[in-house]
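Here is a guided walk through one protein structure. Keep the sequence and the 3D view side by side as you read.

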Amino acid sequence: MKKKSTLAAAAVAALALGLSACGGGGGGGGQASQSAGQGAGAAAQDAFDAANGGKIFNPSTKKGGTLKFANSGDWDSLDPANTYYGYAWNFGRLYWRTLTVFKTAPGGEGNKVVPDLAEDLGKPSDNGKTWTYTLRSGLKFEDGTPITSKDVAYGVERSFDKETYPNGPTYLNELLAWPKDYKGPYKSKGADVSSAIETPDDKTIVFHLKQPFAGFDYLAQMSPTAPVPQAKDTGAKYRDHVVSSGPYKFEGDAPAGKNFALVRNENWDPATDPNRPALPDRIEVQVNVEANDLDNRLINGDIQVDVAGTGLQPASLSKVLPDPALKARADNPTLSRLWYTSIPTTVPPFDNIDCRKAVMYGADLTGYQTAYGGPLSGGDIATNLLPPTIPGHQKIDLYPSEGGKGDIAKAKAALAACGQPNGFETNIAYRAERPKEKATAESLQQSLARVGIKLTLQPYPQGEYFASFAGNPPFVKKNKIGLAVNGWGSDWNDGYGFLQQMVDSRVIRETGGSSNVSVRIPDVDKLIDQANMETDTAKREALWGQIDKRVMEEAVILPGVWAKSLLLRGKGLTNVFISDSQQMYDYVALGVQ
């Protein structure tokens, strides 16, 4: 553990050294620079942050070539009904289409929602409780059959079934006026769902909500509105071969844990799709590539994109940042994301608020920050939930300490108050394929040991982390998962799009797949509903801050870092940019030389 800390600290020092001169590549570099720049005719145009801040690196409309991705773990699912990783939605737009979509554009322009399958944005009526979309003409699945409104409706209906599809957002489950006791199209076969969704003809789909919701176009861009042909639906096995509605289709099957490839979908009509340039001829994906090895392959040019999009591992920073040629391939975006640790109240002694406060006071957040690469590639120490980029953010610091290193005296006082003066033992979960999360767990293990809280590290696979482990309440309770390393990025850039799926207790599912792992506060649920009904922007944003503070008062989430990342552009990429909506490279835009 000590060796790990030393390596992380060295990486942070390298980061400070490398970024202090990010305005130019002058001076030094020696043999390392010479080696990294070998054979890089086009590399001369590389520059630090050249794909960040609204800029496009190496713009091109040239088609052809093979684009190579790698994943340090595996998808939660390739099925649009059953996925909730940000990178999965970014990548998924290559083979699925939804009613609306975030615009394929750099920076803030990429935060705009535009029509996709639909001809236009939704038409609200009934004071915002009804939303109507009309599909474009000429839409087809990969087998040439027409895409109709019924296929979109069926996609939404199947996503309702959270026993079959434990992952994925629950917005449409909660907001639509589903019939009483509806359980999805498998268990409620043939049920009349017209109270929630109507398809009066093949081009029209109408959504009926329980209450007005002005941001429905944001929900319409989410993966559950991807069309699914009912005749081809194979339930949980559909993930092995999703029927494409986008520019690419799967080459054969893509079962969990196996590498796969996408090839052009000859029945996709670019005339119906202004959002996807579809530049590569082929896209190859390797899964379960060890994270540090993945970085090395990215540096060397064996792959071009780390699909998870969370940035280089700390061990790679000392290679990339002191080398001008490698540093010139890096981008350093600020994200609407929080890296944090959940504290489930269902696991004793965390059913006692003072035991939770002992963690809040005892944690050394500088170690948390170091685990993610330090302030410049990891982000700023967080004292509450909402990142500064989200409207409604307030600076809240209920558990202050000098320099973020923790307050041992207050932590020990909290332990005494909760009847555990000598501390206690518990388990901490993290995603096995993510070195930054392991380093976080090790850092918390060290810092909490100062006050007598002993942590045992429990790694679990990324693909099943929420469905079967940290997001599965019975598993958490049975296996005494007192802490769970976690992270959350905004679904769209406002308080509801960031907080709701993270802190609303109504999204917790006993069957697993819960994005909310630890927040069960009735007051918060009521405040969320109040904010949704509030039409005054300033008052609504103030409510998000109030919700944030209420969660912090209950000490059920330990905020770690408001995120930044250090991404590395793969060799030979064209049309590279970071979109504010994706918070990583926009995968739909990418091409290869």
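Start in a loop. Pro349 lies in the loop between β13 (334-342) and α10. The model is predicted. The peptide bond that leads from Pro348 into Pro349 is cis, and its omega is near 5°.

Follow the chain from that loop into α10. Helix α10 covers residues 353-362, and it packs with helix α18, residues 537-554. Two values describe such a pair: the angle between the axes and the distance between the axes. For α10 and α18 the angle is about 105°, and the axes are 8 Å apart. Angles of 65 to 115 degrees count as roughly perpendicular, so α10 is roughly perpendicular to α18. On the α10 side of this contact sit Ile353, Arg356, Lys357 and Met360. On the α18 side they meet Met552, Glu553 and Glu554. By class, this contact holds three nonpolar residues, no polar ones and four charged ones.

Helix α10 has another partner. Its axis comes within 8 Å of the axis of helix α12 (residues 408-417), and the two cross at roughly 170°. An angle over 145 degrees counts as roughly antiparallel, and therefore α10 and α12 are described as roughly antiparallel to each other. Asp354, Lys357, Ala358, Tyr361 and Gly362 are the α10 residues here. They meet Lys410, Ala411, Ala414, Leu415 and Ala417 of α12. This contact has six nonpolar residues, one polar and three charged. Lys357 appears in the contact with α18 and in the contact with α12.

Now look along α18 itself. How far apart should its ends be, at 1.5 Å a residue? For 18 residues the expected span is 26 Å, and the end C-alpha atoms are 27 Å apart, which agrees. The buried residues of α18 are Leu543, Trp544, Gly545, Ile547, Asp548, Arg550, Val551 and Met552. These buried residues pack against α10, α16 (495-503), α17 (522-533) and β18.

Past α18, the chain enters another loop. Val556 is found there, between α18 and β18 (557-564). Is Val556 buried or exposed? Its relative accessibility is 3%, so Val556 counts as buried. Beyond its sequence neighbours, Val556 is in contact with Thr341, Ser342, Ile343, Thr345, Arg356, Ser518, Val519, Ile521 and Val551. Among these, Arg356 also takes part in the contact of α10 with α18. Arg520 is 36 residues from Val556 along the chain, yet their C-alpha atoms are separated by 8.7 Å.

Another helix can be checked in the way used for α18. Helix α13 spans residues 435-449. Its 15 residues should cover 21 Å at 1.5 Å a residue, and the end C-alpha atoms are 21 Å apart, which agrees. The buried residues of α13 include Lys436, Glu437, Ala441, Glu442, Leu444 and Leu448.

Next, turn to the nonpolar interior. Nonpolar side chains tend to be buried together in soluble globular proteins. The largest nonpolar core here has 150 residues. Which of its members touch the most others? They are Phe69, Trp75, Phe91, Leu176, Phe207, Phe216 and Val503. Take Trp75 from that list. Leaving out residues up to four places away in sequence, Trp75 touches Tyr87, Ala88, Phe91, Arg239, Phe260, Val285, Val287, Val307 and Gly463. A second core, separate from this one, has 15 residues, including Phe48, Val289, Leu321 and Leu568.

Three more loop residues complete the tour. Tyr84 sits in the loop between β1 (66-70) and α3 (86-92). Its relative accessible area is 14%, so Tyr84 is buried. Pro169 is 85 residues away in sequence, but the C-alpha atoms of Tyr84 and Pro169 are 6.6 Å apart. Contacts of Tyr84 beyond its sequence neighbours include Asp76, Trp89, Pro169, Tyr171, Trp488 and Ser515.

Asn58 belongs to the loop between α2 (30-36) and β1. Its phi is near 55°, a positive value in a residue other than glycine. At 13% relative accessibility, Asn58 is buried. Ala278 lies in the loop between β9 (260-264) and β10 (282-286). The phi of Ala278 is positive too, near 50°. Ala278 is buried, with a relative accessibility of 2%.

Methods. Residues numbered from 1 in each chain as written. Predicted model: local features only at pLDDT ≥ 70, side-chain atom pairs only at ≥ 80, totals over all residues. Heavy atoms only, no water. Core = buried A, V, L, I, M, F, W, Y, C linked by side-chain atoms within 4.5 Å. Buried < 20%, exposed > 50% of the residue type's maximum accessible area, 1.4 Å probe, protein only. Contact = heavy atoms within 4.5 Å. Helix = DSSP H or I, 4+ residues; strand = E, 2+ residues; numbered from the N terminus. Expected span 1.5 Å × (residues − 1). Axes fitted to C-alpha atoms, helices over the stretch in contact; angles between N-to-C directions. Parallel < 35°, antiparallel > 145°, perpendicular 65-115°, else oblique. Nonpolar A, V, L, I, M, F, W, Y, C, P; charged D, E, K, R; others polar.
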